[in-house]
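Take a moment with the sequence and the fold. The text below walks through them step by step.

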Amino acid sequence: MSVQGNSILTVNNIEVIYNHVILVLKGVSLDVPEGKIVALLGANGAGKTTTLKAVSNLLRAERGDVTKGSIEFKGKRVDKMTPPELVKQGVIQVMEGRHCFAHLTVEENLLTGAYTRKVSRAEIRRDLERVYAYFPRLKERRNSQAGYTSGGEQQMTAIGRALMAHPSMILLDEPSMGLAPQLVEEIFEIVRDLNQKEKVSFLLAEQNTNVALRYADFGYILENGRVVMDGKAADLATNEDVKEFYLGISSGARKSFRDAKHYRRRKRWLA
Amino acid sequence: MLFFIEVLIGGLLAGVMYSLVAMGFVLIYKASGVLNFAQGSMVLFAALSFVSILAMGAPFWLALVLTLAIMVLLGVVIEKVVLRRLVNQPQITLFMATIGLSILIEGLGQMIWGSQVHGLDLGINDIPFNFYGVFISQFDLFAAGCAAVLVAGLSLFFHKTKIGRALRAVADDHQAAMSVGIPLKHVWAVVWAAAGFVALVAGLLWGSRLGVQFALTLVVLKALPVLILGGFTSIPGAIIGGLIIGATEKLAEVYIGPYFGGGIENWFPYVLALAFLLIRPDGLFGEKHIERV
C-alpha cells in the first residue's frame, strides 16, 4: 500500500514468539496513516490481537516477545517502551472483551484512563463531559458498577476510558464482540466521530469484515501470522477473494461440494 | 444486665484489636488478590523495630517515624525483589511467595533486633474506668480510636484519591490496568507500604498488650475468622467482622462456656467463620463476585 501523508504508526516486519517457542507473527508489516482508520482483519488465531498487543506492549505480561522487526510511533522506536510510557506517548489499547473494572463505577472507570496525565481536576472534569457527550448513555449510568452494565455500555466505557488518556492513536480490539448488530453500528459510528472530530487514528482488529471495511479507510488481512492482502477499504470490499472468504458473498449460484477443493486451493494461494 | 453489657463492651473492644490486624490483609488482598501470609511477621517486625529504636534512646516520635520509614522501605523492597517477578503468575504462586516472605521477615527481624521479649509502654493506663457502673478499659478505647481513624483514612484513600482508585482498578483487572497505563509496580509498592503502616499500628497496640515477642505473629490467626465474616475486600467489613468476632467470643465464653467446661473463646470464632462460609462466602461486606450470564 502506498503511504498517504504521514504515517503515525509503522510496524516493520515484526515476529512474535510466545513462551520462547510458539511463533505467532511471521513478519507482519503495516502502516497507519495519521488521522485514518485502519482495519486489521482475519479469522480466529490469525494474529490480530497479537499484533495490537505487540504495539501496546502488553505482550510481555503474556510471555510474548517481539523477536524481530521494529515498531515506530510518530517516527520514534517504541517497541521497548512499557505500557505506561506508551500511553503517555499517546498510544492506548482497548482490549478485546472490554475489560472494564467491574467493581468500579462507570465514572471511576473513566477516571482511571486519565491516570498517566498530570492535569488539574477541572481539566479532568472537562474531559469527562467530553466523553459523556460522545456516550450520553454512560452519563446515565455513571454511578453504576461497571460489572452490572450491559455489554454495549461496557464497550463504551472501555473506549471512553481510553479517550480520557488523550490518545492520538487507539488500538481497538474487536469492538463488535458479543454485541447486537445495531449496537455494533452505534459503536462504529462513534469511532468514526472520534476519528473525524478528535483526530484520533485507529488501528482496529475485527472479525466483522463487513462493518469494519465500511468504516475503515484501509484494511490489512492477516492469515496465519502473515499479511496476505492489503489495500484501501473500498477496494478490499469489492475484491472477489475477500467477498468470497470474508464477506460470504459468492458471485455464482450455490457452490457445489466440488468447489470446496477449489476454495482450498485459492486459500492456499492467498496464504 | 450490667454484667452482660460489660462483657459485650469488653468483647467489642477486643474485637477492634483483631480488626487492626485484619485490615492489613484486606489492603493487600484488595490490590493483588493475594492473602498476604506475611502480615503477622510484618506486625512483629514493626513492633520489634520500634522497641529497639526506642531502646537506643530515641524519643517516641522519632522512633515512630523511623519505624514507619523502615516499614515503607520493606514494602518497596518486597515489591522490587519478589512481586515484580511474579506478575501474571497464578495466585497460589503469590501466596506461596508470601509464606516464604513471612519466614524471612520473622528471621530478619530477630536477627537484626534480637529475640528477647521486650515490654512496650505507650503511656496509656490500662486501668478500667467506671462508666455508669460498667468498667471499660482505657487502653481498649484508645485502640478503638486508632482503628476508627485508620478506617476513615483508608476509606478516603481508596475512594477519593487517584492512587486509591488505581489500586482498586488493579485489583479488578491487572491487564486492563496496564492497558490504561497504570504502572503495577508503583501501585504494589504503595499498597505494601500502606500494609506496613497498618502493621506498625497493630504491632504497637498488640505489642504493648502482649509484650513484643515472637507470639505476635500468631495474632494473625485471629484475623482469619474476622476476614471471613467481614469479607476479604472490605475495610469497614474488617472492622464489623472484628466487632462481631470479639463480642461473640466473649459472650460465648461467659454464657455457653460453662457447658463445655470453658475455654471456648479460642475456637468459637472459627466455628462461627465456618458457619458463615456456608451461608455467605463473600462475607458481610465483601465485593460480590460479579458474573454476567
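What follows goes from one chain, to the contact between chains, to a single residue. Keep in mind that this is a predicted model.

Start with chain A. Its secondary structure comprises 11 helices and 10 strands. The radius of gyration is 19 Å, close to the 18 Å that the globule rule gives for 271 residues, so chain A is as compact as a globular protein of that length. Along its principal axes, the C-alpha trace of chain A spans about 65 × 40 × 35 Å. Buried residues account for 44% of the 271 residues in chain A. Now look at how the chain folds back on itself. Take the contacts in chain A between residues at least 6 apart in sequence: 72% of them join residues at least 24 apart.

Next comes the contact between the chains. Chain A contributes 25 residues and chain B contributes 19 residues. On the chain A side, three elements give two or more residues each: helix H2 (83–89), strand S6 (91–94) and helix H3 (106–112). H2(A) supplies the largest share, four residues. By character, this side of chain A divides into 14 nonpolar, eight polar and three charged residues.

Finally, pick out one residue in chain B. B:Leu20 sits in helix H1 (residues 2–32) of that chain. Why does B:Leu20 count as buried? Because B:Leu20 has 30 C-beta neighbours inside 10 Å, and 20 are enough for that label. Setting aside neighbours within four places in sequence, B:Leu20 is in contact with B:Ala147, B:Val201, B:Ala202 and B:Leu205. B:Ile99 is 79 residues from B:Leu20 in sequence, and 20 Å from it in space, C-alpha to C-alpha.

Key:
Residues are numbered from 1 along each chain as its sequence is written. Chains are lettered from A and ligands numbered from 1 in the order in which they are written. This is a predicted model: local features need pLDDT of at least 70, side-chain atom pairs count only at pLDDT 80 or more; totals for chains, interfaces and linings use all residues. Two residues are in contact if their C-beta atoms, placed from the backbone, lie within 7 Å. Ala, Val, Leu, Ile, Met, Phe, Trp, Tyr, Cys and Pro count as nonpolar, Asp, Glu, Lys and Arg as charged, and the others, Gly among them, as polar. The radius of gyration is taken over C-alpha atoms; the globule rule is 2.2 Å times the number of residues to the power 0.38. A residue is buried if 20 or more other C-beta atoms lie within 10 Å of its own, exposed if 12 or fewer, and partly exposed in between; C-beta atoms are placed from the backbone.
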